[in-house]
Amino acid sequence: MGFRRKIPEPPKVDLTPMIDVVFLLLIFFMISTTFIEQPGLTLDLPESDAETLIQQNEDLRVYLTVAGDIYLNQEKVSKQSFQQTLARYDQSIQQKAAFIIMADKDVPHGKVVEIMDIARSIGFRNLAIATDVKTQN
């Protein structure tokens with residue numbers, strides 16, 4: 001009797017479960033990550049019914065705190081260095097960039113207007129004031 005010898009098959013590794021887990025992890029991290037750029041400041045923005053979408057690629061953000069601190073793109077600056085830093089921006093950036101003022105709702109109105117006047121005198125044209133969306137009670 002001639003028995004045929006079985007040729008052993010090489011072991012197969014099924015990668016499908018591993019790929020599924022990797023995709024689930026990727027989706028989890030994409031959903032749980034916030035993409036909104038917020039500094040380490042606590043600002044209580046005023047509320048508004050108006051909604052606008054702001055492109056974040058050319059934005060220049062100015063944060064005003066209740067304590068009177070000025071932050072330019074998350075970097076604390078004095079009023080004099082604020083003017084000097086704004087003056088260094090290229091004129092094309094001044095014309096295109098959105099100058100967004102993110103002031104706490106308890107900041108005096110005069111301080112916000114003063115920052116807007118400084119930006120306008122230097123050459124920024126697209127001024128905006130950031131607000132939170134009004135919640136329906």
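This is a walk through one protein chain, from its overall layout to its core, its rings and its surface. The model is predicted.

Start with the layout. The chain has 137 residues. It holds 4 helices and 7 strands. Read from the N terminus, the order of elements is α-β-β-β-β-α-α-β-α-β-β. Buried residues account for 23% of the chain. The accessible surface is about 10800 Å², and carbon and sulfur atoms hold 56% of it. Now look at contacts between residues at least 6 apart in sequence. Of these, 69% join residues at least 24 apart.

Next, go inside. In soluble globular proteins, nonpolar side chains tend to be buried together. Here the largest nonpolar core has 17 residues. Val62, Leu64, Phe82, Leu86, Phe99 and Ile115 have the most contacts inside this core. Which elements each supply at least two of its residues? They are strand 2 (60-64), strand 3 (70-72), helix 2, strand 5 (98-103) and helix 4. Helix 4 gives the largest share, with 4 residues.

Val62 is a good residue to follow. Set aside its neighbours within four places in sequence. Val62 then touches Ile70, Tyr71 and Leu72, among others. Its contacts also include Phe82, Phe99, Ile100, Ile101, Met102 and Ile115. A second core, separate from the large one, has 5 residues. Tyr63, Ile100, Met102 and Ala130 are among them.

Now turn to the aromatic rings. The chain has 3 aromatic pairs. In one of them, Phe28 and Phe29 meet edge-to-face. Their centres are 5.3 Å apart, with 70° between the planes. Another pair joins Tyr89 and Phe124. These ring centres lie 6.1 Å apart and the planes stand at 75°, so this pair is edge-to-face. What does the pair connect? Tyr89 sits in the loop between helix 2 and helix 3 (91-96), and Phe124 in the loop between helix 4 and strand 6 (126-129), so the pair ties together parts that are 35 residues apart in sequence. The two partners differ in exposure. Tyr89 is partly exposed at 24% relative accessibility, whereas Phe124 is buried at 0%. Ring pairs also bring in Phe99, which forms a cluster with Tyr89 and Phe124. Phe99 appeared earlier as one of the residues with the most contacts inside the largest core.

Charged side chains come next. The whole structure has 2 salt bridges. One joins Lys76 and Asp69, whose closest N and O atoms are 3.5 Å apart. Lys76 is exposed, at 52% relative accessible area, while Asp69 is partly exposed at 22%. The other joins Glu114 and Lys79, with the closest N and O atoms 2.2 Å apart. This bridge links distant parts of the chain. Glu114 is in helix 4 (residues 109-122) and Lys79 is in helix 2 (residues 79-87), 35 residues apart. Glu114 is partly exposed at 29%, and Lys79 is partly exposed at 31%. Helix 2 and helix 4 also each supply at least two residues of the largest core.

Finally, look at the outside. A nonpolar patch lies on the surface, with about 1000 Å² of accessible area in total. Its members are Val13, Leu15, Met18, Ile19, Val22, Phe23, Leu26, Ile27, Met30 and Ile31. Val13 belongs to the segment before helix 1 (16-32). Is Val13 buried or exposed? Val13 is exposed, with a relative accessible area of 70%.

Technical notes. Residues are numbered from 1 along each chain as its sequence is written. This is a predicted model: local features need pLDDT of at least 70, side-chain atom pairs count only at pLDDT 80 or more; totals for chains, interfaces and linings use all residues. Side-chain values use heavy atoms; hydrogens and water are left out. A salt bridge is a side-chain nitrogen of Lys or Arg within 4 Å of a carboxyl oxygen of Asp or Glu. Buried means under 20% relative accessible area, exposed over 50%, partly exposed in between (1.4 Å probe, protein chains only). Patches are made of residues with over 30% relative accessible area and no salt bridge: like charges are joined within 9 Å, nonpolar side chains (Val, Leu, Ile, Met, Phe, Trp, Tyr) within 5 Å. Accessible areas come from the Shrake-Rupley method with a 1.4 Å probe; for residues, only the protein chains shown count as cover. A nonpolar core is a set of buried Ala, Val, Leu, Ile, Met, Phe, Trp, Tyr and Cys residues joined through side-chain atoms within 4.5 Å. Contact means heavy atoms within 4.5 Å. Rings of Phe, Tyr and Trp (its six-membered ring) pair if their centres lie within 6.5 Å; planes under 30 degrees apart count as stacked, over 60 as edge-to-face and the rest as tilted.
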